[in-house]
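Here are some exercises to work through with the structure open on your screen. Try each task before you read its solution.

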Amino acid sequence: MDKTRGLIKYRMETNLIVIESLKESLLKLIAEKPYDKITIMELCQKAGVSRMGFYGNFKTKHDIIKKIVLDINMELVDKLGSPFRNSTDSNWYYKVIEFVKEKSPELLLLFDAGFFYEYLDMMNKIVLRDSDLPSESKYKRIVWSGGIINAITYWLTTGMKESVEDMTNYLSDNLKCWSFD
């Protein structure tokens with residue numbers, strides 16, 4: 001019984017390593033060449049993963065992009081909590097900007113590879129995932145999060161010239177009227 005549990009744990013840990021290797025390798029390859037020129041075989045070689053390891057976790061390399069975006073978003077929520085609460089203040093915006101700056105290499109690679117609109121679509125789906133929300137709340141969330149995403153994307157793609165503090169002030173000053181119940 002204990003041996004089986006240990007084997008299952010080992011398999012799960014190994015699988016996480018495979019997934020992380022594929023994610024990191026795809027980002028490295030995107031930095032080197034156009035996304036559409038990257039083959040599954042090339043990706044597997046770069047990651048040190050068999051094709052069976054790839055197909056055991058993903059159907060396409062595009063699924064890896066989705067996993068990267070979802071993991072970045074989950075890390076943000078884990079670190080900062082949901083933005084849809086009454087206590088979203090300038091400190092929360094500051095932490096978001098810091099986090100985005102930390103993740104800027106990955107985000108910029110995704111945007112440069114042509115995934116900005118997909119990134120936005122995925123963020124919208126996350127923001128609206130609660131199907132029980134009334135329409136007014138859904139629109140409020142989509143407008144507020146769209147403002148943040150567009151401001152941050154503009155900041156990223158124009159070279160992050162403004163400081164984290166300036167970006168915090170821009171967001172908190174312009175979005176301070178929003179509260180979520």
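**Exercise 1. A pair of rings**

Are Trp92 and Tyr93 buried or exposed? Once you have that, work out how their two rings are arranged.

*Solution.* Keep in mind that you're looking at a predicted model.

Step 1: look at the surroundings. Trp92 and Tyr93 are both buried.

Step 2: pick the right quantities. A pair of aromatic rings is described by the distance of the centres and the angle of the planes.

Step 3: count the pairs. There are 9 aromatic pairs in the structure. In the one formed by Trp92 and Tyr93, the ring centres are 5.6 Å apart and the planes sit at 80°, so this pair is edge-to-face. The cut-off behind that label is an angle over 60 degrees.

Step 4: look for a group of rings. Phe111, Phe116, Tyr117 and Tyr119 make up one aromatic cluster.

**Exercise 2. The overall layout**

How many helices and strands does the protein have, and in what order do the elements run?

*Solution.* Step 1: count the elements. You should find 8 helices and 0 strands.

Step 2: read them off from the N terminus, which gives α-α-α-α-α-α-α-α.

Step 3: get the dimensions. Along the principal axes, the C-alpha trace spans about 50 × 45 × 30 Å.

Step 4: check the burial and the contacts. The protein has 181 residues, and 38% of them count as buried. Take the contacts with a separation of 6 or more: 65% of them link residues 24 or more positions apart.

**Exercise 3. H4 against H5**

Which way do H4 and H5 run relative to each other, and which residues meet where they touch?

*Solution.* Step 1: start with the geometry. The axes of H4 (residues 61-80) and H5 come within 11 Å and cross at roughly 165°.

Step 2: name the arrangement. Angles over 145 degrees count as roughly antiparallel, and H4 and H5 are therefore roughly antiparallel to each other. The crossing is right-handed.

Step 3: list the partners. H4 brings Ile65, Ile68, Val69, Ile72, Glu75, Leu76, Lys79 and Leu80, which meet a set in H5 that includes Trp92, Val96, Phe99, Lys103 and Leu107.

Step 4: sort them by class. The residues of this contact split into 11 nonpolar, no polar and 6 charged.

Step 5: zoom in on Lys103, a residue of H5. Its relative accessibility is 12%, so Lys103 counts as buried; the cut-off is under 20%. Setting aside neighbours within four places in sequence, Lys103 touches Ile72 and Glu75.

**Exercise 4. H5 against H8**

At what angle do H5 and H8 pack, and what is that arrangement called?

*Solution.* Step 1: H5 (residues 90-112) and H8 (residues 164-175) pack at about 135°, with axes 9 Å apart.

Step 2: that angle makes H5 oblique to H8. H5 passes H8 in a right-handed crossing.

Step 3: on the H5 side you'll find Ser90, Tyr93, Tyr94, Ile97, Glu98 and Lys101, while H8 supplies Val164, Glu165, Met167, Thr168, Leu171, Ser172 and Leu175. By class, that comes to 7 nonpolar, 3 polar and 3 charged.

**Exercise 5. H6 against H7**

How many residues of each class are in the contact of H6 with H7?

*Solution.* Step 1: place the helices. H6 (residues 116-127) and H7 (residues 135-157) have axes that come within 10 Å and cross at roughly 150°. Here too you have a right-handed crossing.

Step 2: find the residues. From H6 come Phe116, Tyr119, Leu120, Met123, Asn124 and Val127, and from H7 come Arg141, Ile142, Ser145, Ile149, Asn150 and Thr153.

Step 3: sort them. The result is 7 nonpolar, 4 polar and 1 charged.

**Exercise 6. Two loop residues**

Where are Met160 and Lys37 found?

*Solution.* Step 1: Met160 is in the loop between H7 and H8. Its phi is near 50°, a positive value in a residue other than glycine. With a relative accessible area of 23%, Met160 is partly exposed.

Step 2: Lys37 is in the loop between H1 (2-32) and H2 (40-47). Its relative accessible area is 52%, so Lys37 is exposed.

Step 3: try a distance. C-alpha to C-alpha, Lys37 and Lys9 are 36 Å apart in space, with their positions 28 residues apart in sequence.

Terms used:
Residues are numbered from 1 along each chain as its sequence is written. This is a predicted model: local features need pLDDT of at least 70, side-chain atom pairs count only at pLDDT 80 or more; totals for chains, interfaces and linings use all residues. Side-chain values use heavy atoms; hydrogens and water are left out. Axes are lines fitted to C-alpha atoms, for helices over the stretch in contact, and angles run from 0 to 180 degrees between N-to-C directions. Helices (H or I, at least four residues) and strands (E, at least two) are DSSP runs, numbered from the N terminus. Angles under 35 degrees count as roughly parallel, over 145 as roughly antiparallel, 65 to 115 as roughly perpendicular and the rest as oblique. A crossing is left-handed if the near helix is turned anticlockwise from the far one by less than a right angle, and right-handed if clockwise. Contact means heavy atoms within 4.5 Å. Ala, Val, Leu, Ile, Met, Phe, Trp, Tyr, Cys and Pro count as nonpolar, Asp, Glu, Lys and Arg as charged, and the others, Gly among them, as polar. Rings of Phe, Tyr and Trp (its six-membered ring) pair if their centres lie within 6.5 Å; planes under 30 degrees apart count as stacked, over 60 as edge-to-face and the rest as tilted. Buried means under 20% relative accessible area, exposed over 50%, partly exposed in between (1.4 Å probe, protein chains only).
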